[in-house]
Amino acid sequence: MAKHLVLVGGGHAHMMTLANIHAFVAKSHRVTVIGPSEHHYYSGMGPGMLGGTYSPSDIRFATKHVVEKQGGVFVLGKAVRVRPDKRQIELESGETVSYDVASFNAGSYVPRLNLSKDIENIYTVKPIEKLVEAQTRIKELASQKPITIGIIGGGPSSVEIAGNIWQLTSGYGANQPRVKIFAGKDLMAEYPEGVRARIEKSLKRHGVEIHTNGFVQTIEPHGIILASGERYDLDLIFLAIGVKPNAIFERSGIPIGPDGGMRVNAYLQSIAYPEMFGGGDCIYFQDQPLDKVGVYAVRQNPILYNNLMAALEGKPLQVFSPGGDYLLIFNMGGGKGVLRKKRLTLDGRIAFIVKDYIDRKFMKKFQAIE
Ligand SMILES: Cc1cc2nc3c(=O)[nH]c(=O)nc-3n(C[C@H](O)[C@H](O)[C@H](O)COP(=O)(O)OP(=O)(O)OC[C@H]3O[C@@H](n4cnc5c(N)ncnc54)[C@H](O)[C@@H]3O)c2cc1C
């Protein structure tokens, strides 16, 4: 019997399912995709876009076009709640969408703490599309006066943003912004010494100031105050304080993990509602909690595609195995990177060339469907 598959978010874990919408339609199923933007932006290339290496069109995937081209329906909107008892998804607009099988790849967000939405000159590092706005704002402000940019957070997105602001503005002469990272107690605290040292060296070479004298307690429109009471004036602030899974599940009373992600079993299926599946940053894989990195979302693609088809067709589900250690490469700006795989760490041009090759290949593969 024909059924209705609803995909919430067209993120990294849904790419293969999106590329195969025609296969669902060929079996007479209806497919609806809900997303807040007609495009999905590839996060791995986000800092490179801020730095000017890539244009927005290099790093985005035309979700709406791909869905409609294959006979699916694209609904522009944000899912805010699920009513699993009624098999309905509620959108911010008040609209509801019913499903037989639903899959969630709605990502994660950077908590804005208690900041109001209207405060100017504060940018979160996600959604990635906001980095386009941030780039315009940096250019605008730096063309008027010397400015200071603060990045709150000391993890991978913070250091990549810093390196790429340097790249963007390295030709600005006297108006090149000062960039300060407020890393709390440590920069890249969760990474081995070899990675940390190389990243620190790269940032310092570019004049980025690294503050590890305490956590930021208050963020104001034009500065920050540390727990010690020390105040720093800033013209522009980036929030890179880590991410939380989309709040849809918490709001809906669906079983979640300690981080708020939908708790899923080895089939990437909700432990309470077998017709709900998910992947990427918005799930909590209960057998083995996963880092919030795109690598896992990408690895989940074939399993999600198979299991969504299987759930619609009454076929057996496949188990997701997260796989071993993954390659991490940080884009430090200036065409250089820092690479880590198992015990291997290296930096310089070669690291960036490898990252650029992998990222462009990924985009080429999925943009080809457009
Ligand atoms: C600056 C930065 C750089 C990074 N670089 C790397 C890297 O190099 N390598 C790596 O492995 N990881 C990297 N990461 C981590 C990576 O971004 C995430 O792990 C990855 O994006 C997770 O993919 P996802 O598809 O789950 O989520 P997302 O990429 O966030 O995609 C979620 C999708 O859902 C949509 N959506 C959001 N809310 C809703 C809603 N309410 N309803 C419907 N749709 C919704 C969004 O529009 C988006 O299309 C980086 C993160 C950041 C912030």
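Here is a walk through the ligand site and then a run of paired strands. Keep in mind that this is a predicted model.

Let's start with the ligand. It has 29 residues around it, and the closest are His12, His40, Ser43, Lys126 and Asp281. Sort that shell by class and you get 14 polar, nine nonpolar and six charged residues. Where in the fold do they come from? Strand E2 (30-35), helix H6 (156-169) and helix H9 (294-313) each give the shell at least two residues.

Now zoom in on the ligand's oxygen atoms. Histidine 40 uses its side chain: an N or O atom there sits 2.7 Å from a ligand oxygen. With aspartate 281 it's the backbone that does the job, an N or O atom lying 2.7 Å from an oxygen of the ligand. Glycine 294 also brings in a polar backbone atom, 2.9 Å from a ligand oxygen. How much of the ligand does the protein bury? On its own the ligand would expose 990 Å², and 87% of that is buried by the protein.

Next, move over to strands E6, E7 and E8. E6 (residues 79-83) and E7 (residues 88-91) run antiparallel, joined by four bridges, and arginine 83 stands opposite glutamine 88 of E7. The two make a hairpin with four residues in between, and arginine 87 in that turn has a positive phi of about 50°.

E7 then pairs onward with E8 (residues 96-98), again antiparallel, through three bridges. Here glutamate 90 has threonine 96 in E8 as its bridge partner. This is a hairpin too, with four residues between the strands, and glycine 94 in the turn has a positive phi of about 100°.

Terms used:
Residues are numbered from 1 along each chain as its sequence is written. This is a predicted model: local features need pLDDT of at least 70, side-chain atom pairs count only at pLDDT 80 or more; totals for chains, interfaces and linings use all residues. Side-chain values use heavy atoms; hydrogens and water are left out. A residue is near a molecule or strand if one of its heavy atoms lies within 4 Å of it. A polar contact is a pair of N or O atoms within 3.5 Å; within protein, one must be able to donate a hydrogen and the other to accept it, and residues adjacent in sequence count only if both atoms are side-chain atoms. Accessible areas come from the Shrake-Rupley method with a 1.4 Å probe; for residues, only the protein chains shown count as cover. Ala, Val, Leu, Ile, Met, Phe, Trp, Tyr, Cys and Pro count as nonpolar, Asp, Glu, Lys and Arg as charged, and the others, Gly among them, as polar. Two strands pair if DSSP finds at least two bridges between them.
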